[in-house]
Amino acid sequence: MAQTVVGAALLGAAGTAFLASPGSPGPVSQTAPSLRGTAPGNPGSAGSAGVAGTAALASLAGVAMAAAAGRRSGATSCNAAAVKKKGAKVVHGKEIPWNLFSPKAPYQGKVVENDFHPQTLTEPTGDANWETTHVTFDHGGKVPYIEGQSIGVIAPGPDKKGEQPAKIRLYSIASSAVGDDQTSKTVSLCVKRVVELDGKFSNRAKGEDKPDKAGTAFPDNEVYRGVCSNHICDMTPGDEVLITGPTGAEMLLPEDPEANIIMLATGTGIAPMRSYLRLLFHDKAGAAADGGRKFKGIAWLFMGVPYSKSLLYDDEHQTYKKEYPDQFRYDYAVSREDKNAAGQKMYIQTKMAEYAEELWEMMQDEKTHVYMCGLKGMESGMAECFGPIAEKNGIVWTEFAKAMKKADRYHVEVY
Ligand SMILES: Cc1cc2nc3c(=O)[nH]c(=O)nc-3n(C[C@H](O)[C@H](O)[C@H](O)COP(=O)(O)OP(=O)(O)OC[C@H]3O[C@@H](n4cnc5c(N)ncnc54)[C@H](O)[C@@H]3O)c2cc1C
Ligand SMILES: NC(=O)c1ccc[n+]([C@@H]2O[C@H](COP(=O)([O-])OP(=O)(O)OC[C@H]3O[C@@H](n4cnc5c(N)ncnc54)[C@H](OP(=O)(O)O)[C@@H]3O)[C@@H](O)[C@H]2O)c1
């Protein structure tokens, strides 16, 4: 599949071909195929009805398409150009929606019925923080975004220091640009409810914790309930929500339909990956004229969760696997249930190690992008997984990863 380029130096050199410097897009013709291109759900059209940033958004469709066509096979990236106009940012020659709504002037959206998932995606595991929800907000077309971005949510509070409303919390967007309902008017999040018992902090004294929307309560403990995650997880259709953003340029997809996408997600780090997969394998926006998909590469998802009851969006992944067996690969690591042959806890990197040669080979291809989202430990996990094979090839993994980052092919959002 991949043409092999061995060595970080070479990879870096090849990688630079991916970087289209702002204002000087590469020499690809206007008709270069693109993952989004003229799709009905082009994010540029999403905000056409917007109030704030209307001017910026009106130009998004045109500019984004021209810029996308003008770019080489590369991706947008974190080392973005300066903000050109309110509500938009130029990232490697491509204009994307950017902070249309600020914490001081957020957008007031409404929670809508989820089209695809019941609010709670997981099942009780015995852990206090077992619940992860999929929640959908109506933004009326006024908060356009593209796959890989995040929005902020402002909870009423009180926050940790009593502030009301609370400070914003960022959430990776789990829906594609067109939204779950493909109207370009909704945005979905995948949010884990933070519940901590008898820890360092508490905002419920013993006896004070009441059942949440999922029915979980811990009246016998000192409880800390995360301010924003509990606000979101307890929402019901019709509730109002304050949204900021969109923001984020680290996790954007390449425009090249032949790119390969390797995804590493722990827990709710699946959110951006779901957004990509909807575009690649589900949405009309990703459909090709011949009835196939615009996406022609390989998408390989590695997902890490504690229990099989916490596997997120497994139904969707199984469907893609069934419908696109040559293009979608799906592996998961269930850390508290599975072990590898050596008896080690099954982390995402343990699972990836089973395919280390194949993944290493894929990563040599300048069309391959790695996306990592969730827990920070994954970064050292990658080093554990690929250090030995890199060494076998006379390469230091950290140098290789650095070169991939420089080439805008290694996208990391972890903490
Ligand atoms: C770019 C980005 C994307 C993200 N995407 C997602 C996502 O898709 N899904 C998701 O679920 N999360 C995501 N997060 C995390 C999210 O932003 C929140 O941090 C998370 O939901 C917890 O927020 P909370 O308000 O519920 O918890 P908080 O109330 O903020 O509590 C968080 C922690 O603070 C501790 N704490 C409490 N009081 C104090 C104190 N006085 N001093 C110090 N610490 C204290 C608590 O013990 C708790 O562990 C993302 C974060 C970032 C940066
Ligand atoms: N854009 C972003 O930056 C973004 C987006 C979404 C989420 N997040 C963050 O990502 C985190 C996800 O947490 P979660 O509670 O949703 O996840 P979770 O359900 O607890 O799942 C995390 C999984 O990763 C495993 N794990 C722990 N340490 C690891 C390591 N060093 N290497 C690899 N895997 C490891 C855990 O195993 P064990 O628990 O069994 O050890 C568990 O199986 C949260 O902190 C969230 O805020 C960030």
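Here are three short exercises on the pocket around ligand 1 and two residues from the record.

This is a predicted model, where local features need pLDDT of at least 70 and side-chain atom pairs count only at pLDDT 80 or more, while totals for chains, interfaces and linings use all residues. Residues are numbered from 1 along each chain as its sequence is written, chains are lettered from A and ligands numbered from 1 in the order written, and side-chain values use heavy atoms, without hydrogens and water.

**Exercise 1.** Find which residues come nearest to ligand 1.

*Solution.* Start with the 20 residues around ligand 1, each with a heavy atom within 4 Å of it. Leu170, Glu196, Tyr224, Ser229 and Tyr415 come nearest.

**Exercise 2.** Find the distances from atoms of ligand 1 to Cys190, Lys192 and Tyr415.

*Solution.* We're after polar contacts, here pairs of N or O atoms within 3.5 Å. First, a backbone N or O atom of Cys190 sits 2.8 Å from a ligand nitrogen. Next, a polar backbone atom of Lys192 is 2.9 Å from a ligand oxygen. Last, a side-chain N or O atom of Tyr415 is 3.2 Å from a ligand nitrogen.

**Exercise 3.** Decide whether Ser335 is buried or exposed, then list what Ser335 touches.

*Solution.* Buried means under 20% relative accessible area, exposed over 50%, partly exposed in between (1.4 Å probe, protein chains only). Ser335 has 12%, so it's buried. Leaving out residues up to four places away in sequence, Ser335 touches Val305, Pro306, Lys345, Met346 and Tyr347, with contact meaning heavy atoms within 4.5 Å. For comparison, Lys192 has 33%, so Lys192 is partly exposed.

Notes
A polar contact is a pair of N or O atoms within 3.5 Å; within protein, one must be able to donate a hydrogen and the other to accept it, and residues adjacent in sequence count only if both atoms are side-chain atoms.
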